[in-house]
Structures are given as C-alpha cells and as structure tokens.
Amino acid sequence: MNLDVRYQGSRNMVVNCVAYTVDGRRLPDITIEQISDVLQMNDTFVWVGLHEPDEALLTKLQEEFCLHDLAIEDAHHAHQRPKIEVYGDSLFIAMHTAQFVAGKIEFGETHIFLGPRYLVTVRHGASLSYAPARGRCEKEPDLLSHGPSYGLYAVMDFIVDNFMPIVREFESELAELETDIFDGSYKRETIERLYDLKKQLVTLRLAVSPIQDITNQLVRFHPMLIRDDVRPYFRDVFDHSMRVKEASDTMSEMLTAAMSVNLAMVTVHQGEVVKRLAGWAGLLGIPTLMASWYGMNFKHMPELPGELSYFVFIGVTLAVVGVTYTILRKAKWV
C-alpha cells in the first residue's frame with residue numbers, strides 16, 4: 001500500500017503542526033506534507049506534536065525531516081530508557097512522564113527530535129498535552145525567537161514541573177498512612193499501600209534522575225542546536241529536577257521509616273497481646289493449682305473433715321487471685 005494512503009488514517013494522531021518565523025511569530029497551521037516546503041524558507045522553523053503515532057505517520061515524518069532510522073524505531077516502539085543521542089545534526093531525547101489517572105500514578109514516555117529548524121514531540125502513554133508549554137512560548141515571541149531549542153526547554157520544564165504535584169500527593173498520602181500506623185490497630189491494607197507507594201516512588205526517581213544528565217549535556221554541548229542564550233534555561237530545568245529528586249529521596253527515606261515503624265508497632269501490639277494473655281493465664285492458673293491439690297484422693301489432708309473447709313478454700317483462693325490481679329493490673333499485664 002502506498003505510504004501516503006496509509007498515512008491518511010494517522011492524521012488524528014497529529015496534535016499540532018505549526019510553523020514559526022525567526023522572530024517568534026506563529027504562522028498558520030500546516031500539514032505534515034507541507035513541512036518540507038516550509039523548511040525551504042530560511043526564516044522559519046516547525047514545531048510538531050504527535051500522540052502515539054503509528055508506523056505510517058512516523059515514516060512520513062522521517063521523510064519530511066530526514067530523521068535517522070534508529071531514532072524513528074525508538075520513537076515507534078517506546079519503552080525506552082531516558083537518554084539523549086546525537087544523529088548527525090539532530091538530537092533524539094527520550095524522557096519519562098507521569099500523571100495521576102483515576103487516583104493512581106501512571107507513567108508514560110515522550111520522545112523528542114530536535115534539529116536546527118524543527119522540534120518534534122512524540123507522546124506515549126500517560127502524559128499531559130504540551131499545548132500549555134507551546135502557548136506560553138507563543139505569548140513570549142522574543143524568547144521563542146531563540147528557535148526550537150527554546151521550545152525544547154519549555155517542554156522539558158513542563159515535564160519536570162508536573163512531577164512536583166505527584167510528590168506532594170505522595171506526601172499527603174503518607175500523612176494519612178501515618179495516622180493509620182499509630183491508631184493502635186494493625187491493618188494489612190496499610191503496609192500494602194506503603195509498599196505500593198515505595199514502588200511507585202522508585203519508578204519516579206528512575207524517571208527524574210536521568211534528566212540531570214540530559215540537561216547537563218544541553219548546557220555544555222551541541223552548539224549547533226542549543227543557542228547560548230537558551231543554555232541558562234536548561235540550568236533552571238536541572239535545578240527543578242534536582243528539587244524533585246531530593247524530595248523523592250526524602251520521601252523514600254520516610255516511606256522506609258514508616259514501613260519499619262509499622263512493623264515495630266505490630267511487634268509491640270503482639271507483645272501486648274501475649275503479655276495480657278500470660279497475665280490472664282496466671283490468674284486462671286491459681287485456682288486450677290489450688291483445686292488440683294484438694295482434688296487428690298488422700299484421706300489425711302488438712303481441713304478436709306471441717307464443715308467450713310469448702311468456704312475457707314474458696315475465700316483463700318479468691319484472696320490469692322485478688323492480690324495477684326492487683327499486682328498484674330499495676331504492671332499493666334491485665
């Protein structure tokens with residue numbers, strides 16, 4: 001089947017395809033087929049946003065931008081580790097994204113192609129639209145006049161900033177779980193949720209940590225693609241990623257401590273139960289022991305012939321049990 005025919009069904013995967021002038025002004029929207037024509041104009045650059053594109057659309061995009069086969073393969077299959085790779089005069093950047101879906105954190109990926117006159121973002125899985133980042137750039141044409149590298153900063157900054165609400169949500173949920181931990185009763189759901197939070201936090205840290213390496217490269221290298229005026233903005237992204245990483249590290253330590261405290265509280269609670277059982281067992285053991293003595297079939301046992309022996313025995317037994325109960329009560333064993 002012809003590529004253009006297969007591509008026709010992929011148009012709904014194109015979120016935006018916009019051209020800008022060198023002074024940051026937005027031109028009318030263009031189609032994917034018009035990209036190569038627009039790039040022939042020296043005073044423009046193109047910003048394309050895709051959401052889970054199929055092979056036909058990526059192949060068409062490769063044809064328009066002359067993208068490398070390996071980068072296109074990575075963008076199609078997804079499930080890439082966060083990284084930055086150089087292909088000739090272009091960069092391929094893979095980043096992980098995260099957002100809350102139905103009360104649970106979900107992770108996705110964004111693949112970015114950066115060239116001298118184009119920026120392409122490809123979203124997979126859980127990821128918010130980059131329309132707010134693009135809109136912010138369009139409101140500041142002086143900054144957008146720095147070219148595609150400023151658009152790249154806006155997208156990366158948007159991704160990193162969206163990690164902070166997730167960390168705050170973790171902190172809020174941990175506060176609720178701490179209440180459950182110290183309420184004096186053991187709940188299996190509490191430790192299961194603590195473990196689930198710990199697992200999600202590890203995934204979040206794996207998503208955030210590589211961003212520092214990526215931004216370091218963008219600050220120091222690739223002069224043909226990253227303008228000197230834009231490099232300070234990538235340092236800002238680095239600072240934000242460090243803040244998220246430090247917050248996630250702190251949360252990880254707090255979760256580990258919460259799991260240890262929960263285990264300790266369970267152990268203490270079990271100890272209290274065993275202690276009280278031992279106290280009541282001791283109280284029950286006193287009349288059992290005394291009754292076993294006088295239940296033996298000996299003829300010459302003291303007090304057996306007496307008329308009041310039974311009542312004396314009951315009274316002594318109750319007195320011993322009462323004294324023992326008072327001692328155990330003060331020791332908090334019963």
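Is T110 buried or exposed? In this predicted model, T110 is buried, with a relative accessible area of 0%. The residue lies in strand β5, which covers residues 104-115. Its side chain makes a polar contact with that of Y130, at 2.4 Å. Y130 is also among the residues that T110 touches beyond four places in sequence. The others in that set are I93, A94, M95, T97, V122, R123, S127 and I159.

A second strand residue, K83, was examined in the same way. K83 belongs to strand β3, residues 83-87. K83 has a relative accessible area of 10% and is therefore buried, the limit being under 20%. A polar contact of 3.4 Å links the K83 side chain to the side chain of E85. With residues up to four places away left out, K83 touches D74, F92, I93, A94 and I214. I93 and A94 appear again in the contacts of T110.

Helix α3 spans residues 55-65 and is mostly covered. Of its 11 residues, 8 are buried. Nonpolar names in the buried set include A56, L57, L58, L61 and F65. K60, Q62 and E64 are buried as well. C66 follows the helix. The phi angle of C66 is positive, near 60°.

The cysteines were then searched for bonded pairs. A disulfide is a covalent bond between the sulfur atoms of two cysteines. The search of the whole structure finds 0 disulfides. C137 illustrates this result. The closest cysteine sulfur to that of C137 is in C17, 16 Å away, so the two are too far apart for a bond. The cut-off for a disulfide is 2.5 Å. Both cysteines are nevertheless covered. C137 counts as buried because its relative accessibility is 0%. C17, at 6% relative accessibility, also counts as buried.

The surface offers a contrasting case. A nonpolar patch is formed there by L308, Y310, F311, V312, I314, V316, L318 and V320. Together these residues have about 800 Å² of accessible area. One of them, L318, sits in helix α11, which runs over residues 309-330. L318 counts as exposed because its relative accessibility is 58%, and the limit for that class is over 50%.

Terms used
Residues numbered from 1 in each chain as written. Predicted model: local features only at pLDDT ≥ 70, side-chain atom pairs only at ≥ 80, totals over all residues. Heavy atoms only, no water. Patch = residues over 30% accessible without salt bridge, like charges linked within 9 Å, V, L, I, M, F, W, Y side chains within 5 Å. Areas by Shrake-Rupley, 256 points an atom, 1.4 Å probe, with all protein chains shown as cover. Salt bridge = Lys/Arg side-chain N within 4 Å of Asp/Glu carboxyl O. Helix = DSSP H or I, 4+ residues; strand = E, 2+ residues; numbered from the N terminus. Buried < 20%, exposed > 50% of the residue type's maximum accessible area, 1.4 Å probe, protein only. Polar contact = N/O pair within 3.5 Å; in protein donor to acceptor, adjacent residues only side chain to side chain. Contact = heavy atoms within 4.5 Å.
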